[in-house]
Amino acid sequence: MHSTSSLSPGTTIAIVGAGRLGGVLAPALRAVGFVVLGPLRRDDRVPDADVALLCVPDAAIPAVAFAVRPHVQLVGHVSGATPLTDVDFSIHPLQTFTGRETPEVFRGIGAAVDGRTPEALSVAEKLATALGAHPFRVDDGHRAEYHAAASFASNFVLTVLDAAERLAAPAGVQRAHLAPLVRQTVENWTASGAAAALTGPIVRGDDETVARQRAASAAFADLFDALAAATRDIAHPGTSSEERRA
Ligand SMILES: NC(=O)c1ccc[n+]([C@@H]2O[C@H](COP(=O)([O-])OP(=O)(O)OC[C@H]3O[C@@H](n4cnc5c(N)ncnc54)[C@H](OP(=O)(O)O)[C@@H]3O)[C@@H](O)[C@H]2O)c1
């Protein structure tokens, strides 16, 4: 076995879990020169390796970490939400993976890393850098809010976009028509943040228009109300709903 502190192209890495991320991460690490074993499926024998990287559901991490520990020097996971309790390091690529991506998907993205020791942290950082990602440290005390942020930025965006697609469908407006609006909005937010990017009836104060939208969105009433309230907070920070009505 190699010394993992000098993580090098000859280092052997066992990828455990052949799902959405494991199936993309294994060829990506292979492409940058590591000796990759796997991705290993549930019933595969665990081979000896320098590092095991667990790409399994969060709830499976304790048992899988225990099972691989005798076979490797360092155990890591790729979970954004799970603390380091059962592993030596973590590397969470801040991207969404469906399993169809190519190794280039890691280039230029961020990756949250942490380690129980300086050596383990260094391994996580080197793995991220080798993939072309930019590592940043998120410790266990900040994991929950970090991972919630990732869900807002990806999962909940899809929830909102799905509502938009359904509301637009009766008018004959398709996803492809909405997509440029979504892309430009994300570009504007990327450049200057939500407050500066915000347009539309709420920030203009066109309350009758908002009321008409609300009536038309009956199938999504709870979502509309929650989003409208949060949008008013961005448009008019520091003012209560009573003050805004006055
Ligand atoms: N997908 C993403 O966008 C993304 C992004 C960043 C980080 N992650 C992290 O990646 C990890 C995996 O997520 P995922 O989206 O790839 O999940 P996934 O598609 O559900 O894949 C999980 C894989 O783990 C396998 N597995 C479960 N228990 C196992 C065991 N005991 N031994 C070996 N394999 C086992 C599952 O096999 P079975 O099908 O047989 O159950 C499945 O192939 C999670 O920690 C997640 O937070 C995912």
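Me: What makes the pair formed by an oxygen atom of the ligand and the side chain of D58 a polar contact?

Reply: This is a predicted model. In it, an N or O atom in the side chain of D58 is 2.9 Å from an oxygen atom of the ligand. A polar contact needs a pair of N or O atoms within 3.5 Å, so this pair counts as one.

Me: Which backbone atoms lie at such distances from an oxygen atom of the ligand?

Reply: A polar backbone atom of R20 is 2.9 Å from an oxygen atom of the ligand. For G19, a backbone N or O atom lies 3.3 Å from a ligand oxygen. Both values are within 3.5 Å, so these pairs are polar contacts too. As for cover, the ligand has 900 Å² of accessible area on its own, and the protein covers 71% of that.

Me: How many residues surround the ligand, and of what kinds are they?

Reply: There are 19 around the ligand, and R20, L21, R42, D58 and F97 are the closest. The shell holds 10 nonpolar, 6 polar and 3 charged residues.

Me: Why is helix α4 called roughly parallel to helix α5?

Reply: Helix α4 (residues 143-153) packs against helix α5 (residues 155-168) at an angle of about 25 degrees. Angles under 35 degrees count as roughly parallel, so α4 is roughly parallel to α5. Their axes are 3 Å apart.

Me: Which residues of the two helices meet, and how do they divide by kind?

Reply: From α4, A150, S151, F152 and A153 meet N155, F156 and V157 of α5. In this contact 5 residues are nonpolar, 2 are polar and none is charged.

Conventions: Residues numbered from 1 in each chain as written. Predicted model: local features only at pLDDT ≥ 70, side-chain atom pairs only at ≥ 80, totals over all residues. Heavy atoms only, no water. Near = heavy atom within 4 Å. Polar contact = N/O pair within 3.5 Å; in protein donor to acceptor, adjacent residues only side chain to side chain. Areas by Shrake-Rupley, 256 points an atom, 1.4 Å probe, with all protein chains shown as cover. Nonpolar A, V, L, I, M, F, W, Y, C, P; charged D, E, K, R; others polar. Axes fitted to C-alpha atoms, helices over the stretch in contact; angles between N-to-C directions. Helix = DSSP H or I, 4+ residues; strand = E, 2+ residues; numbered from the N terminus. Parallel < 35°, antiparallel > 145°, perpendicular 65-115°, else oblique. Contact = heavy atoms within 4.5 Å.
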